[in-house]
Amino acid sequence: MKTIEVKNVTKKYGAQKALDDVSFSIDKGEIVGLLGPNGAGKSTLMKIITSFIAPSEGMVYIEGQDVMDDEVTSRKKIGYLPETNPLYPDMYVGEYLEFVYKIYQPKGNVKKRVDEMIELTGLTPERHKKIEALSKGYKQRVGLAQAMIHDPEILILDEPTSGLDPNQLVEIRKIITDFGKEKTVILSTHIMQEVEVLCDRVIIMNQGKVIADEVTESLWKITGTGNYFRVEFVEQVMEKSLLKIPYVVKVIAEDGNRWLLEAEKGKDIRESVFLFAKEQNLRILSLMQEEQSMEDIFHSLTLHN
């Protein structure tokens, strides 16, 4: 039995489809990255999985149970950190976590569990402060602690490392990794390095649809098998002109006058790029061959779908 099953889920707001026939399943012990540009439908999908909103069409199952049939039972199995991280600013850290724990009514000692979560998420120095007095990074830690306080089977995190400094990133990533060894994690993020470090699998969405669902290591295979070259010109150049360079099969515009060129497998196009620049009276600032990054894959999939 799958931990999470999303079957043909569509969400409509009037004539607009925020989600369009989305389907996938997730096993226990997987950390799945949910990626996509703003407006792709990621947050809407997370709210449907957590039963905060209902789908217009389709079904979501948590351990075989339709989430809309028994919302209370479903929510007890899920820890959710939304992007907005709604907290009670006038409550103290320990007081708030105790409050959240009691909502779920799990068995166990509330004080012991709150102490465990405060230590796990690095909140010990701040536990006696009001939430309104915390930095953004510590507020994010409180949000993660409340998502995990009832020891859920599933953790759904929408931009969980927002506002954290580099040292905090390392600590929170370890917490997520350790949790995902035995349970299930869905992680939405815009930090591509985070995907490479944390995720076993990546689901990429665009315009409400799933456009890629692959083991992280396999993403490179579905975006082409060519070589990649990054070139920067002094002058502006048209994409259609770059496509005329021999063996260039794809062109991706980057900041300024920088371009990522994909060449046919085994072809070194650097000499051809120099000849092209000479013919077009263009000056090259830099030209290098490189491996395709997670950012390149993301742009390649979302800009051309």
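Tyr88, Tyr96 and Phe99 form one aromatic cluster. For a ring pair, the centres of Phe, Tyr or Trp rings (the six-membered ring for Trp) lie within 6.5 Å; planes under 30 degrees apart are called stacked, over 60 edge-to-face, and the rest tilted.

Before you start: this is a predicted model, where local features need pLDDT of at least 70 and side-chain atom pairs count only at pLDDT 80 or more, while totals for chains, interfaces and linings use all residues. Residues are numbered from 1 along each chain as its sequence is written, and side-chain values use heavy atoms, leaving out hydrogens and water.

**Exercise 1. Rings**

Work out how phenylalanine 52 and tyrosine 80 are arranged, and where in the chain they come from.

*Solution.*
- Step 1: count the pairs. The structure has four aromatic pairs.
- Step 2: look at this one. Phenylalanine 52 and tyrosine 80 make a tilted pair, with 5.5 Å from centre to centre and 45 degrees between the planes.
- Step 3: place the rings in the chain. Phenylalanine 52 belongs to the loop between α1 and β4, tyrosine 80 to strand β6, and they are 28 residues apart, so the pair links distant parts of the chain. (Helices are DSSP runs of H or I with at least four residues, strands are runs of E with at least two, and both are numbered from the N terminus.)
- Step 4: buried or exposed? Tyrosine 80 counts as buried because its relative accessibility is 11%, whereas phenylalanine 52, at 48%, counts as partly exposed. (Buried is under 20% relative accessible area, exposed is over 50%, and partly exposed is in between, with a 1.4 Å probe and protein chains only.)
- Step 5: check for a charge. Arginine 75 lies over the face of phenylalanine 52, 4.4 Å from the ring centre. (A charge sits over a ring if NZ of Lys or CZ of Arg is within 6 Å of the ring centre and within 35 degrees of the ring normal.) You'll find another case where the charged end of lysine 267 sits over the ring of tyrosine 247, at 4.5 Å from its centre.

**Exercise 2. The four-stranded sheet**

In what order do the four strands of the open sheet stand, and which are at the edges?

*Solution.*
- Step 1: read off the order. The strands go β2-β1-β4-β5, and the pairing is antiparallel. (Two strands pair if DSSP finds at least two bridges between them.)
- Step 2: find the edges. β2 (16-26) and β5 (65-66) each have a single partner strand, so one side of each has no neighbour in the sheet.
- Step 3: follow β1. Strand β1 (residues 4-13) shares five bridges with β4 (residues 57-62), with glutamate 5 opposite tyrosine 61. Helix α1 (residues 42-49) packs on this sheet, touching β1, β2 and β4, and its direction makes about 60 degrees with that of β2. (The axes are lines fitted to C-alpha atoms, for helices over the stretch in contact, and angles between N-to-C directions run from 0 to 180 degrees; a contact means heavy atoms within 4.5 Å.)
- Step 4: turn to the hairpin. Seven bridges join β1 to β2, one of them pairing lysine 11 with leucine 19. Two residues lie between these strands, and glycine 14 has a positive phi near 65 degrees.
- Step 5: inspect α1. Six of its eight residues are buried, among them Leu45 and Ile49. Serine 51, which follows α1, also has a positive phi, near 65 degrees.

**Exercise 3. The six-stranded sheet**

Where does helix α6 lie relative to the strands of this sheet?

*Solution.*
- Step 1: get the order. This open sheet runs β6-β7-β8-β3-β9-β10, with mixed pairing. Its edges are β6 (78-81) and β10 (209-215).
- Step 2: zoom in on one pair. β9 (residues 201-206) and β10 run antiparallel, joined by six bridges; asparagine 206 stands opposite lysine 209.
- Step 3: add the helix. α6 (residues 166-180) lies across β3 (31-35), β7 (154-158) and β8 (184-188), at about 145 degrees to β8.
- Step 4: pick a residue of α6. Glutamine 168 is in this helix and counts as buried because its relative accessibility is 10%. Leaving out residues up to four places away in sequence, glutamine 168 touches Gly137, Tyr138, Arg141 and Gly163.
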